[in-house]
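The following exercises concern a single structure. Each task is followed by a solution in steps.

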Amino acid sequence: MSTTLSPAPKSANEVDVKHTECFIDGKWVPAASGKTFATLNPATEQEIAQIAEGDAADVDAAAKAARHAFDAGDWPKMDARDRGRLLYKLADRMEQEIHALAALETLDNGKPLNDSLAADLPLAIDAIRYYAGYADKLHGSTIPIRGNYLCYTRREPIGVAGQIIPWNFPLLMLAWKWGPALAAGCTVVMKPAEQTPLTCLRMAQLAKEVGFPDGVINIVPGFGPTAGAACVKHPLIDKIAFTGEHRTAQIITRDSAETLKRLTFELGGKSPNVVFADADMDAAVEGAYIGLFLNQGQCCCAGSRVFVEKSCHDEFVEKLTALTMKRKVGDPFAEDTQQGPQVDKAQFDKIMSYIDKGKGEGAECVTGGDRVGDTGYFIAPTIFDNVQDDMSIATDEIFGPVMSVLTFDDKEDMIRRANNTFYGLAAAVWTRDISNAHDFAARVRAGTIWVNCYDVFDAAAPFGGFKMSGYGRELGEEGLKPYTESKTVTVKL
Ligand code: ADP
């Protein structure tokens, strides 16, 4: 592999957008309607580019191409090692393009370039490589059954996977979905979020360049109720993998009833992050800070309910506030920026309305609470103290840099309160008491529990939600299962 890396852009002006059309059957094509929509730079509110606005007609073309590549093409039948080899090549190509991809992500989403380079890209590359290694390791089992028979199972690709992704980690969500789908031998129709289509489109070009056959990967940019819903309803698409809001998942569930699609959902959260007085206080402060403010607070697993044991509350809040006040908000391309803008005006307005609600409901805003500047969707990192369980800032997913600090002095009561939400995506506990940590891990109903850490992700570790935070798991071996069907073969001997 060549080690030549793409140049590192230093500002939004240096980023090369390249692809803006639908990618269907290996070709770049405008939307059938001819319509386009603008994708904006959230730091400047300026248009970056006009993007093809795909809808039902384009999804139909993409679904037919993906179906043909699955039913008549080599992809699901090819030597699984060759499929794996292509995924490895794609990961290598992403590595070569790491600066260009990171800059494109930052331009479209607003996240600091340092974060795109240090987190989004390495994690995405890792996920593709992890699943590359799985392509030739999917197998069934032999089963002893009554009578003189040979009975075995085969794990076969599920078919055409419709994949609908959000805007908070566009490239990473793509990797979490392409990796297992392609390793399993599925073909893909992906709809990126309307706010952030650019890295997804660039990835289609990289996949083409490394040799993915036509029709295996198809991209239809556009809006949820049109392009997204068309994927969900299309009879040639076998499965939908969706990451986004639980309300959208409810619509998808209804829309998929007619075709009885297989569904996997990774949805929202209101994750409890619990600090006991015996914890390493500096580590807990740092963990609460990262656990909430990472990615401008736009993480489904954000630790947005921070429960602090009463006896350490004052020390904790004082240290956390001091750290948060130093957080540098600004141009996502600047070297020292730690927090960029929120992704768009709708999110900005929603977050500001929750800040107003928090103030109105009587929580104490100890830092932040305001917009930063007058251009771009920047919000100061905000901490509310003395939050009560029934305040809307403690019950609703805000998806922004707004933390709620709640106090507890009884562990049993805290666990009841931590579980008192319809979400169940993640939780964390900070304590030096190992029994306490494992007890918490067993009793809090969430798909991921972090002990003395937060936001630790790995391609090998399954991720997903209990309750209304989703169904199915992504990553790890569990992440492959939803892309396969199990077939039982019985042979009379
Ligand atoms: P958010 O509010 O964070 O944007 P959404 O759930 O609305 O979360 O969006 C996540 C993804 O789901 C986006 O790609 C969006 O276009 C898509 N989407 C939104 N509505 C629908 C829908 N009715 N059917 C299918 N996809 C949808």
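**Exercise 1: two positive phi values**

Asn-295 has a relative accessible area of 4% and is therefore buried (buried means under 20% relative accessible area, exposed over 50%, partly exposed in between, with a 1.4 Å probe and protein chains only). The model is predicted: local features need pLDDT of at least 70 and side-chain atom pairs count only at pLDDT 80 or more, whereas totals for chains, interfaces and linings use all residues. Residues are numbered from 1 along each chain as its sequence is written, and side-chain values use heavy atoms, with hydrogens and water left out.

Task: locate Asn-295 and Asp-455, and state the phi of Asn-295 and of Asp-455.

Solution.
1. Asn-295 belongs to the loop between α9 (281-293) and β13 (305-309); helices (H or I, at least four residues) and strands (E, at least two) are DSSP runs, numbered from the N terminus.
2. The phi of Asn-295 is near 60 degrees, which is positive although the residue is not glycine.
3. Asp-455 sits in the loop between β18 (448-451) and β19 (470-471).
4. Its phi is near 55 degrees, again a positive value in a residue other than glycine.
5. Asp-455 counts as buried because its relative accessibility is 14%.

**Exercise 2: the annotated glutamate**

Task: describe the surroundings of Glu-266, listed by UniProt under "active site" in an unreviewed entry.

Solution.
1. UniProt positions are given in the numbering used here, feature names are shortened, and annotations may be inferred rather than shown by experiment.
2. Glu-266 is placed in strand β11 (residues 262-266).
3. With 2% relative accessibility, Glu-266 is buried.
4. Beyond its neighbours within four places in sequence, the contacts of Glu-266 (heavy atoms within 4.5 Å) include Met-173, Trp-176, Cys-300 and Glu-474.

**Exercise 3: the ligand**

Task: which atoms of Ile-165, Glu-245 and Thr-248 approach an oxygen atom of the ligand?

Solution.
1. Polar contacts are pairs of N or O atoms within 3.5 Å; within protein, one must be able to donate a hydrogen and the other to accept it, and residues adjacent in sequence count only if both atoms are side-chain atoms.
2. For Ile-165, a backbone N or O atom is 2.8 Å from a ligand oxygen atom.
3. Glu-245 places a polar side-chain atom 2.5 Å from an oxygen atom of the ligand.
4. For Thr-248, a polar side-chain atom lies at 2.7 Å from a ligand oxygen atom.
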